[in-house]
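Thanks for coming. I will talk about empty space inside this protein and then about charged pairs. Please have the sequence and the model open.

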Amino acid sequence: MAGVGDLRDDGPRPVLLCGYYGEHNLGDDALLTALLRQLPPQLTPLVTAHDQAEVRERFGVATVDRRSPRAVLAALAGCGALVFGGGSLLQDSTSFRSLLYYAALIASARLRGKPVLLWGQGLGPLKRRRSRALVRALLPLAQGITWRDPESAQLAQRLGRRAPVGSDPVWSLEPQPWRGAGGPIVVCWRPTPLLSGAAWRPYLQALELLAVRQQREVIWLPFHREQDTGLYARLLAERLVGEALARHSRQVEAHEPSEAMAVFQAAGLVVAMRLHALILAALAGAPVAALSYDPKVRAAAAAIEAPWRDLADPPPSAEELAASWTASLDRPLAPSAMAAQRAATAVHRDLLTRLTA
């Protein structure tokens, strides 16, 4: 493993932090926040980002265009190490081409003799046989790996690589005090192929029942600026939102994870589809419930003993779902479950310290 001497010529060289940054997703912004806080202070970050201006302004770091493979490879040449920072980068659900992009970065780093770390990563899904074969060849090229969940660690082990497993790195962010007793219901929902047209009705009807019976405001909080922001308007346009729910609803925008946490702190319940909305809401001390479009959401909810529904299952009745959410209203999670998740992020910090050992 490279030590700090390997990262120097005449002085410190940057470390390339590769992730889905600058894509206007609060979850990935939270991951970058966690990564920068865990990065040893003697290392200089260079961050791959789409909206480079926003990332430079918000985080005070140098950036390179993540959507330009040529620019990223050129930046890698001047860096001392490559760090894959959180999320699930080695997967083919986005596309096989995306997997090839990250494979090229790993191969290029190793050909140049630079260490590669996979920090707090999720692994998969790997739907194609060729994807599994490619990842099987890539994993031995990493000098250090930590996984964010047991399922990723198990998949990696089947592909021939054992590595430590922790929790999602966002759990390392500071928890906040909850003050949301009697507060609004906050929904962080996203478009998903699992819900189309009338398939949304049971969830919207349950939300309406809860809002009306408990006399609570419903705040729609998009987590991905492009993907989620138009969801509420689309559901309204499709006449899927009942009149009573519409009267109780408004949309609020958060531009940084800290702003989202402030909304969560004042919530009587957060119903989250997105993984990092669930985690940040729990860190804000809020009562939470999950609607799982992906196994990672279900696993995270189960780990903190939060109620969840799998969107791939037959839908519950609106009454059943409203009753479940009512039972969680104004009832925060047990602190012990969240403390265990926070403690489990230490494995990721330990991995980064090896760059300066």
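Val187, Trp189, Trp220, Leu221, Pro222, Asp228, Leu231, Tyr232 and Gln251 line the second largest cavity. Keep in mind that this is a predicted model. By class, that lining has seven nonpolar residues, one polar and one charged. The volume of this second largest cavity is about 50 Å³.

The structure has two cavities of 30 Å³ or more. The largest cavity holds about 100 Å³ of space. Around the largest cavity you will find His24, Asn25, Leu26 and Asp29, then Pro222, Phe223, His224, Arg225 and Thr229, and also Glu253, Ala254 and His255. The lining here splits into four nonpolar, five polar and three charged residues. Pro222 is on the list for the largest cavity, and Pro222 is also on the list for the second largest.

Now the charged pairs. Side chains of opposite charge can pair when their charged atoms come close. The count for this model comes to 17 salt bridges. I will go through some of them.

Take Asp92 and Arg128, whose side chains meet in a salt bridge at 3.3 Å, N to O. This pair links distant parts of the chain, 36 residues apart. Asp92 sits in the loop between strand S4 (81–90) and helix H4 (96–111), while Arg128 sits in the loop between strand S5 (116–123) and helix H5 (129–138). Is Asp92 buried or exposed? Asp92 has a relative accessible area of 1%, so it counts as buried. Arg128, at 30% relative accessibility, is partly exposed.

Next is Arg148 with Asp168, a salt bridge whose closest N and O atoms are 3.9 Å apart. This pair also links distant parts of the chain, with the two positions 20 residues apart in numbering. Arg148 lies in the loop between strand S6 (144–147) and helix H6 (150–158), and Asp168 lies in the loop between H6 and strand S7 (185–188). Both partners are buried: Arg148 has 8% relative accessibility, and Asp168 has 5%.

Then there is Glu238 with Arg234, a salt bridge at 3.6 Å, N to O. Glu238 is partly exposed at 38% relative accessibility, and Arg234 is partly exposed at 34%.

Which residues are joined into one network by salt bridges that share partners? They are Asp29, Glu54, Arg58, Arg225 and Glu256. Two of these names, Asp29 and Arg225, came up earlier in the lining of the largest cavity.

Methods:
Residues numbered from 1 in each chain as written. Predicted model: local features only at pLDDT ≥ 70, side-chain atom pairs only at ≥ 80, totals over all residues. Heavy atoms only, no water. 1 Å grid on protein atoms, 1.4 Å probe; cavity = no way out; pocket = protein on both sides within 12 Å on 5 of 7 lines; lining within 4 Å. Points joined across faces, edges and corners; volume = space filled by probe spheres on them. Nonpolar A, V, L, I, M, F, W, Y, C, P; charged D, E, K, R; others polar. Salt bridge = Lys/Arg side-chain N within 4 Å of Asp/Glu carboxyl O. Helix = DSSP H or I, 4+ residues; strand = E, 2+ residues; numbered from the N terminus. Buried < 20%, exposed > 50% of the residue type's maximum accessible area, 1.4 Å probe, protein only.
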